[in-house]
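Me: I am new to reading protein structures, and I would like to go through one slowly, with a reason given at each step. Could you begin with the term that we shall need for the opening question?

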Amino acid sequence: MEVTIGVPPPEAYLDHAASTPARPEVVEAMLPWLAEHWGNPTGAHARGRAARRAVDEAREPVAELLGCSGGEIVFTSGGTEADDLAVNGVLDAVGGMALCSAIEHHAVLDPVVHRGGAIVPVDRRGVLDCAALADMLDAAGAAAATGDGPDVTVVSVMVANNEVGTIQPLTHIAEVVARHAPAAVMHTDAVQAAAWCDVAALAAGVPLVSLSGHKIGGPKGIGALAIRPGVALAPRLRGGGQERGRRSGTHNVAGIVGLGVAAQLVLEHRTQLAATVGAMRDRLEAALVAIEGVSVTVAAGGSAPPERLPTISHLCVSGVDSEALLFLLDDAGVAASAASSCASGATESSHVLAAMGVPAADARGSLRLSLGWTTDDTTIDRVIEVMPAAVARLRLFDVSSSERS
Amino acid sequence: MTTAPTGSPRRVMVAMSGGVDSSVAAALLVAAGHDVVGVTLRLWGGDSDSGCCSVADVDDARRVAQQLDIDHHVFNMSDEFTTHVVGPYVADHAAGRTPNPCIECNRHLKFDRLLHRARALGFDSVATGHHARVVTDADGVRRIARGADAAKDQSYVLYMLDADALAMIELPVGDMTKDRVRVMATDLGLRTADKPDSQDVCFITSTEGRRGFLETRVELHPGRLVDTDGNEVGEVDAVELVTVGQRRGLGMSGTGDHRFAVAVDITTRTVTVGSRDQMLTDTTVCQRVTWSGAAVHGEVLAQASAHGDPLAATVTPVAPVAASTDSPDDGDGDVDSHDDGDVDSHDDGDGDSTIEVRWHQPVRRIAAGQSVVFYRNDMVLGGGVVV
């Protein structure tokens, strides 16, 4: 089957938080493992051993990125599977209940809710409410002690949020968990943070860490979960016993190789790239908030923004529908996003903004611009150029302020 | 009268439901050389068998758009749908009325919010797959006219379109029979060619049904059945679900003489039943009346359901808007020519203009909440919601 590629790449791609292109070095490194080196890594022959070696070697940079050893890395099909394995794997192994922050990605939030877990609130900037976390842990602990409910066995808080970019004080959160629920295991979704933050340092006290390939310049369809020693975790996929029995299924060798190269490149370029991209983000943001009625979502009411990713600018644009704004930006060759998308492709209202207490009227005009390793000044200039006219046009046609019946 | 001009290339937004009609509408516009973008509205977030709301239908719309090599977007208007369609639907039932949610969806979503969005995004027009036509009347007024396929005619559900909307919409399959639409879809290899027509309210599933939908949203109450003399003759388990004109489900099938629900009084939870003759009436009062052009008073053909018979009737204003000095109907059937041209303005779709429809021959009573649509020949003049 021929796959047609009907749409040229957008002129100004600012949706790197959704997916960022694979680095050329990644693609190049993967190709042999799709073509000539197609062996199964578990094979007891030269071809199998070659593949096995590629998989084992790829573990090292991935482990270094997440701050663990190679043997603690379990390759998965992506970030969602890593999150699922962390949350459900702990619950399946030891029972109890899960807690997570209210702004987790659905890959964490939905399994937690599905398993009867509880949601920890965040403040207006998207920072976890540690006092609430402590109270919830204490309450669950007290209920468990009297046999009135399950104790908390897993707490999941992401390193950095995918919509607004807020970075959580993980070290402090881990201390709170250790103090109020010593038996609970912490998990963190580092999918958005891994390319930009020192996850090894930020998540040093966190035994379960999720990673996704295509958010760090690697390919889609590959991810990893770091599992530190001593964590009781039941497998979700049973079968051939790959990944030390923690995740069965033939290794995605090319994907794993690509992930390894991407992780290596992040380790080499992260500090410098984060500074460069962060400067571009700041320039973009400064130009856009100069438009009347445009504000940085995490800095509402003139508050200082929290620590956040250098790559994400989440804005609220008053008097426009983000769907319509995205349409006009797309027309002008600018790729951006509003919130998460559902199965039908429609824009969904954001649980992240709702949890932060962003008023619905502001959330209506939400816009996420996310930068990445390919972003250059031309991209930023283009957005700065087209945004004022797009916003002005939509405001001219806006009906929500004078809502008809 | 003439159909809408075809003229030079336009930027057209096609509302694609995932059905065969809107698929072919898009294909025709592409073939005519227009700059076409497909849009599917996501309206209902809950369970759905079909219609605009299910993921499978969005998939179909997107795949057809891909086949036609046009862009496809999904607009989430579920909040507006809840506000303007589902909420009033539930409230109407709770008040003992029988609403038509498809008409409210057309009024508030497809031909208001979507048109508005299309204008804001720089489109010249919005096309849908409705079987109806947009024509220009002898007096220069744009109107909806019946589709070429009488059995599939959808002019009834488009009666609320005003001049602004009519100036911006196109209905490419309105000149075609449904068979022809399917043949064309087959010839083009569109995946929707054999897809069954959607029949039901999109937010009501076949497993749950109307009752299942309503009983989780409003309290249903048992009610008394009385005859037209006030004698108690039975009971129903949910007075909110009884529709005027209904015969089945009243628990009276064994009584020989057919009994119909003649009236529903929600405050006393009473359903009045009567014979076929007692079911008849010669007047119907409508509110929220809208007209494509100037208000019409006088002789019309009036149609009380999507595929009902158009029947001769006389329309007169009951509660003219303030300051109106309408002269009494002169009975010649002509459109009243209002000097100010702005009487019975209905831009908000919820105007309180009220009219009385006097049927030349008695008709079966029409449930409150249903729409009566007025025609001259095959052209829609306007319509209103039965009180």
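Reply: Two residues are said to be in contact if their C-beta atoms, placed from the backbone, lie within 7 Å. Please keep in mind throughout that this is a predicted model.

Me: Leaving aside its neighbours within four places in sequence, with which residues is Val112(A) in contact?
Reply: Val112(A) belongs to helix α4 of chain A, which runs over residues 106–114. Once the neighbours within four places in sequence are set aside, the residues in contact with Val112(A) are Val87(A), Ala98(A), Cys100(A), Gly117(A) and Ser156(A).

Me: Does Val112(A) count as buried or exposed?
Reply: A residue needs 20 or more other C-beta atoms within 10 Å of its own to be called buried. Val112(A) has 24 C-beta neighbours inside 10 Å, and therefore it counts as buried.

Me: How many residues of helix α3 of chain A are buried?
Reply: Helix α3(A) covers residues 79–94, and its span of 23 Å from the first C-alpha to the last is close to the 22 Å expected at 1.5 Å a residue. Just after this helix, Gly95(A) takes a positive phi of about 75°. The helix itself is mostly covered, and of its 16 residues the number buried is 13.

Me: How are helices α1(A) and α8(A) oriented to each other, roughly parallel or roughly antiparallel?
Reply: Helix α1(A), residues 24–34, packs against helix α8(A), residues 253–289, with the axes 8 Å apart and at an angle of about 155°. Angles over 145 degrees count as roughly antiparallel. The two helices α1(A) and α8(A) are therefore roughly antiparallel.

Me: What is the make-up, by class, of the contact of α1(A) with α8(A)?
Reply: The crossing of α1(A) past α8(A) is right-handed. On the α1(A) side the residues that meet the other helix include Trp33(A) and Leu34(A), while on the α8(A) side they include Val261(A) and Leu265(A). Sorted by class, the contact of α1(A) with α8(A) has one charged, one polar and 11 nonpolar residues.

Me: Which residues of α6(B) make the contact with α1(B)?
Reply: In chain B, helix α1 (residues 20–31) and helix α6 (residues 178–187) have axes that come within 9 Å and cross at roughly 65°, and α1(B) passes α6(B) in a left-handed crossing. From α1(B) the contact takes Val20(B), Asp21(B), Ser23(B) and Val24(B), and from α6(B) it takes Val181(B), Arg182(B), Met184(B) and Ala185(B).

Me: How many helices and strands does chain B have?
Reply: Chain B holds 387 residues, of which 49% are buried. Among its contacts with a separation of 6 or more, 68% join residues 24 or more positions apart. Its helices number seven and its strands 18.

Me: Where is Arg269(B), whose phi is positive, found?
Reply: Most residues other than glycine have a negative phi, whereas the phi of Arg269(B) is near 50°. With 17 C-beta neighbours inside 10 Å, Arg269(B) counts as partly exposed. Its place is the loop between β11 (260–265) and β12 (270–274) of chain B.

Me: Is Asn377(B) buried or exposed?
Reply: Asn377(B) has a positive phi as well, near 55°, and sits in the loop between β17 (371–376) and β18 (379–386) of chain B. A residue with 12 or fewer other C-beta atoms within 10 Å is called exposed. Because Asn377(B) has 10 such atoms around it, the word that applies is exposed.

Conventions. Residues numbered from 1 in each chain as written. Chains lettered and ligands numbered in written order. Predicted model: local features only at pLDDT ≥ 70, side-chain atom pairs only at ≥ 80, totals over all residues. Axes fitted to C-alpha atoms, helices over the stretch in contact; angles between N-to-C directions. Helix = DSSP H or I, 4+ residues; strand = E, 2+ residues; numbered from the N terminus. Left-handed = near helix turned anticlockwise from the far one by under 90°. Expected span 1.5 Å × (residues − 1). Parallel < 35°, antiparallel > 145°, perpendicular 65-115°, else oblique. Nonpolar A, V, L, I, M, F, W, Y, C, P; charged D, E, K, R; others polar.
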